[in-house]
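Open the model in your viewer and keep the selection box handy. We will go from stop to stop, and at each one I will say what to pick and what is there.

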Amino acid sequence: MRADLVPDDLWERVAPLLPPAPERRQRYPGRLCVPDRAALAGVMYVLRTGVAWRDVPAEAVGCSGVRAWRRLRDWTEAGVWPRLHAALLSELRRASLLDLDDCSVDGSHVRALKRGDQVGPSPVDRARPGSKHHLIVDRHGTPLAVTLTGGNRHDVTQLLPLIEAVPPIRGLRGRPRHKPRRVYADRGYDFDKYRRLLWKRGVKPLIARRRAAHGSGLGKVRWVVERTFAWLHQFKRIRVRYEWRADLHVGLLQLACSIICLRRLHASR
């Protein structure tokens, strides 16, 4: 197995979250189960390179693509990836590397090459099938939550679901933080209805007005969400949506967000 695919610090955080392997039968036990770390290496290989699951080099990675996909399916259904992301966010907060006061939201279109859940005609790609990634980040660009919708969904429809998708972030004494104090967004979120809904939740909306002159100054804060999208799309498997199942694509998105959080921990050392 290639050690660079699953670094030790990532494996130390993932291993306690994985469900136990099923016991082998005494009679007709079949082939030996692939080790979890080798299966994770197969998932990481596909996430980074974007190759098809059947093209994973089993000799180099230590696991075939089919087995890696099956393990990804099982771990996604077991809720491993959101728990991993929440644990890393708590580590960042404990290290004073998370600023939840000012958060930014935005959406990004991706082409969907297969039909499936959360796919719709993309208004920016000649109505071809597409999906949309919706992301909320903190002041430094650390991803807090990500959601997936069809390509024809308006960004503002995911504003409140994004706020609610932020997990309770521990790490310091007192109540866990689970919502920002201020949210920055571009003109696509300019609806007074959603401003009122944010105020009711105790969140101050800082949203640019449509048909107003550029130069509001909000870009000085919200540019970080664009940079985080660039980081996410460096993982080639999520730059274009290949997964038919929406939950598997979201699982890969959450794994990529966890890797970005881990990189931020490394950069602070």
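Start by selecting helix H6 (159-165) and strand E6 (204-207): the buried residues of H7 pack against both of them. Helices (H or I, at least four residues) and strands (E, at least two) are DSSP runs, numbered from the N terminus, and packing or contact here means heavy atoms within 4.5 Å. Before going further, note that this is a predicted model, in which local features need pLDDT of at least 70, side-chain atom pairs count only at pLDDT 80 or more, and totals for chains, interfaces and linings use all residues. Residues are numbered from 1 along each chain as its sequence is written, and side-chain values use heavy atoms, with hydrogens and water left out.

Now show H7 itself, residues 192-200, and pick out Tyr194, Arg195 and Leu198, its buried residues. These three span an arc of only 105° around the axis, so they sit on the same side of H7; the arc is that of the directions from the helix axis to the C-beta atoms. Buried means under 20% relative accessible area, exposed over 50%, and partly exposed in between (1.4 Å probe, protein chains only). Which exposed residues are on the face turned away from the buried side of H7? Select Arg196, Trp199 and Lys200 to see them. Just after H7, stop at Gly202, which has a positive phi of about 80°.

Next, go to Leu218, in the loop between E6 and helix H8 (219-232). Is Leu218 buried or exposed? Its relative accessibility is 15%, so Leu218 counts as buried. Leaving out residues up to four places away in sequence, Leu218 touches Tyr184, Ala185, Leu206, Ile207 and Ala208. Try a distance from Leu218 to Ile207: their C-alpha atoms are 7.9 Å apart, with these positions eleven residues apart along the chain.

Then turn to the largest nonpolar core, which has 72 residues. Such a core is a set of buried Ala, Val, Leu, Ile, Met, Phe, Trp, Tyr and Cys residues joined through side-chain atoms within 4.5 Å. Helix H10 (residues 246-267) gives the largest share of this core, eleven residues. Met44, Ile136 and Leu144 have the most contacts inside the core. Centre on Met44 and, setting aside neighbours within four places in sequence, you will find Leu5, Val6, Leu10, Leu255 and Ile259 in contact with it.

Keep H10 on screen and add helix H2 (residues 36-49): the two pack at about 90°, with their axes 11 Å apart. Axes are lines fitted to C-alpha atoms, for helices over the stretch in contact, and angles run from 0 to 180 degrees between N-to-C directions. Show Val43, Met44 and Leu47 of H2 with Leu252, Leu255, Ala256 and Ile259 of H10 to see the contact.

Swap H2 for helix H4 (residues 65-77), whose axis comes within 10 Å of that of H10 and crosses it at roughly 90°. Here the contact involves Trp69, Leu72, Arg73 and Thr76 of H4, and Asp247, Leu248, Gly251 and Leu252 of H10.

Last, colour the cysteines. How many disulfides does the structure hold? It holds zero, a disulfide being a pair of cysteine sulfur atoms within 2.5 Å. For Cys261, the nearest cysteine sulfur is that of Cys257, 6.8 Å away. Cys261 is buried, at 0% relative accessibility, and Cys63 is buried too, at 2%. Finish at Cys33, in the loop between helix H1 (8-14) and H2, which is partly exposed at 49%.
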